[in-house]
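Student: I would like to learn how to read the features of a protein model, one at a time. Could you take me through them slowly?

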Amino acid sequence: MTPCLTITNLSATLPGGARVLRDVSLDVNPGEVRALVGESGAGKSMIGKAILGVLPSSVRQVSGEIFLDGQDLGALSASKRRILVGANVALIPQDPLTALNPSRRIGSQMTDQLIKILGWNSAKAYTRIRQLLDEVQIRDRERVLRSYPHELSGGMRQRVLIATAFAAEPKLIVADEPTTALDVTVQKQILRLIATMQRQHATAILFVTHDLGVVAKISQQVTVLYGGMIIEQAGVSDLFADPQHAYTRALLRATPRYNDPDARVEPVQPDVLAGLQNELAANDHAWEKHLG
Amino acid sequence: MADPLYSICDLKLSLPDMARKPLFGPAPKIEILKGLSFELPRNAITGIVGESGSGKSTLGRAMVRLLEPTHGSISFDGDDLTHLTESALKPYRRDLQMIFQDPMSSLNPRRTIADIIAAPLRQYGLVDNLPQQIAQALDRVGLPQSFASRYRHELSGGQRQRVGIARALALSPKFVLADEIVSGLDVSTQAQILALLDQLCRQMGLTIAFISHDLSVIRRLCEQVIVLRSGEIVEMGNTSDVFDAPRHDYTRELIAAIPLPEPDTHWLDMETVG
């Protein structure tokens, strides 16, 4: 089975040469959810941005390939790449309010991709998004289609963006901390919705999050990152039952659990951080050698 | 409860509803807090938990009298603060301190860390041995002395939050309101800040109201918990009692909605109550 997404040895640098991604290699199989988890600065969002081709202007991809369904994105011209990515990859962003244009109605924003990238006519596009709004359990969909973003609640806006993401039947969805801004009860509804839609549509998802609780519930595969480097990759049950890397174990110990109040919640210890710094230094050394 | 720090009785508070404000004329009022009564024990951390719109931040702001209640009473350390004017509140202000959610926006970018921590001391004219007091404040929150001359942008998120805590504690207040102070932090930094609060509460005999939406954090840190929903108290009591045997459906729903870091394929399929 060809993976839906393959990333090999992806490195990206800031001006001055500091790397924000270090030799990242990972696969996402069709219909599978892979979580990218790490603390701030781990590079987890940067991977999603590299796939979508929206890296910040200061960040430059200096090595590595990204394959979408076996097709090397680096081998395509900018316009071909935009069409391929636009038709096959969708984004569920963290903050639905910034992702939506405040001055346009929901309906016209939801149909953008279908009309502009896929070239559908307006009637067909609206039929499709009505169907998706039903799937994400929005009851008064006609009102929602006519609304402006500020007229909807946070949970509703996130539902709208989930419906939009699935509308063109993408092969891959990059979900970048999609529930971080939500209340726990709404978060659970949204996670369930994403999981249900993902199963129905057999879509692969790259799920970026800092929350190990969310990782445990939504993903089948997990990639743990630190400082732009992959620390550990494993199936979700293996990762939580038997974490191999000291940093993964430390992250788990730093996460408080309501069902285990007596467990010691402790920050990542200095010896673990020192070990990580050594690994980063070794990685830098290998990189300099590679550059010659 | 014997000798609570706060006694709050039938507290109601209305604010202008800007969403329904007509183009001309005043905005209609909307009731945010709908009659809350509770007591806050001394030398303990009490968690205030609820979803967005539950009124938890409004309650906090009423407790430190940044907002004036429309009904009911707030008694602090035996004194009635409910309708005191700003000048009458002045003597109490030093005992009512706040730590904010986002240290980036609550620390002045143009001031050194020493100046930021010294600001409340200067306000009260406590300028004897100022450098020594600043050194002590930094030490208390585990920051090195060299940070005194730095600016906020030179610090990490966790270090900035420590500065916010140092400033709140500079006057050795009786009460500290901590409003979502760990929600912007990484788990490892969060664990550090929680341990620090716990330690400071015991060392300095502080009474802390800890507002959070994260029940796992509340469970870890707080002895007491108050669960709010739409401006009303749903449930309150000892944290272990509330978590082990929640009496209200809403509390059960909130607890069940927390994703624990344990793989469980059935968790997402479970219906939430209500």
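Tutor: Let us begin with a term for sheets: two strands count as paired if DSSP finds at least two bridges between them. Helices (H or I, at least four residues) and strands (E, at least two) are themselves DSSP runs, numbered from the N terminus. Before we use this, please keep in mind that this is a predicted model, in which local features need pLDDT of at least 70 and side-chain atom pairs count only at pLDDT 80 or more, while totals for chains, interfaces and linings use all residues. Residues are numbered from 1 along each chain as its sequence is written, chains are lettered from A and ligands numbered from 1 in the order in which they are written, and side-chain values use heavy atoms, with hydrogens and water left out.

Student: What confidence does the predictor give to chain B?

Tutor: The score to read is pLDDT, the predictor's confidence in each residue, from 0 to 100. Chain B averages 93, and 99% of its residues score at least 70. Among the elements of chain B, strand 3 (residues 45–49) has the highest mean pLDDT, 97, and helix 3 (residues 103–106) the lowest, 88. For the complex, the predictor gives an ipTM of 0.85 and a pTM of 0.90.

Student: In what order do the 4 strands of the open sheet in chain B stand?

Tutor: In general, strands of a sheet pair through backbone hydrogen bonds, either parallel or antiparallel. Here the order is 2-1-4-5, and the pairing is antiparallel. Strand 2 (29–40) and strand 5 (79–80) of chain B stand at the edges with a single partner strand each, so one side of each is left without a neighbour in the sheet. Strand 1 and strand 4 of chain B, which run antiparallel, are joined by 5 bridges, and B:K12 has B:H71 in strand 4 as its bridge partner.

Student: Which way do strand 3 and strand 9 of chain B run, parallel or antiparallel?

Tutor: They run parallel and are joined by 4 bridges, with B:V227 in strand 9 as the bridge partner of B:V49. Strand 9 of chain B is also joined to strand 10 (residues 232–238) of chain B, by 6 bridges, and these two run antiparallel; there B:L228 stands opposite B:I233. The hairpin of strand 9 and strand 10 of chain B has 2 residues between the strands, and B:S230 takes a positive phi near 40 degrees in this hairpin.

Student: How many residues of strand 9 of chain B are buried?

Tutor: Buried means under 20% relative accessible area, exposed over 50%, and partly exposed in between (1.4 Å probe, protein chains only). In strand 9 (residues 224–229) of chain B, 5 of the 6 residues are buried. Another case is B:S212, which is placed in strand 8 (residues 207–212) of chain B and counts as buried at 3% relative accessibility.

Student: Which backbone nitrogen does the side chain of B:S212 reach?

Tutor: The idea to use is the polar contact, a pair of N or O atoms within 3.5 Å; within protein, one must be able to donate a hydrogen and the other to accept it, and residues adjacent in sequence count only if both atoms are side-chain atoms. The side chain of B:S212 reaches the backbone nitrogen of B:D214 at 2.9 Å. Contact in the wider sense means heavy atoms within 4.5 Å, and, leaving aside neighbours within four places in sequence, the residues in contact with B:S212 include B:I48, B:V49 and B:E180.

Student: How many aromatic pairs are there over all chains?

Tutor: A pair of aromatic rings is described by the distance of the centres and the angle of the planes. Rings of Phe, Tyr and Trp (its six-membered ring) pair if their centres lie within 6.5 Å; planes under 30 degrees apart count as stacked, over 60 as edge-to-face and the rest as tilted. By this rule there are 4 aromatic pairs over all chains. The rings of A:Y226 and A:Y247 have centres 5.0 Å apart and planes at 65 degrees, so this pair is edge-to-face. A:Y226 lies in strand 9 (residues 221–226) of chain A and A:Y247 in helix 12 (residues 246–254) of chain A, 21 residues apart, and both residues are buried.

Student: Why is the pair of B:Y6 and B:F76 tilted?

Tutor: The centres of these rings are 5.1 Å apart and the planes stand at 55 degrees, so the pair of B:Y6 and B:F76 counts as tilted. B:Y6 lies in strand 1 (residues 6–16) of chain B and B:F76 in strand 4 (residues 71–76) of chain B, so the pair ties together parts that are 70 residues apart in sequence. Together with B:F175, these two residues form one aromatic cluster.
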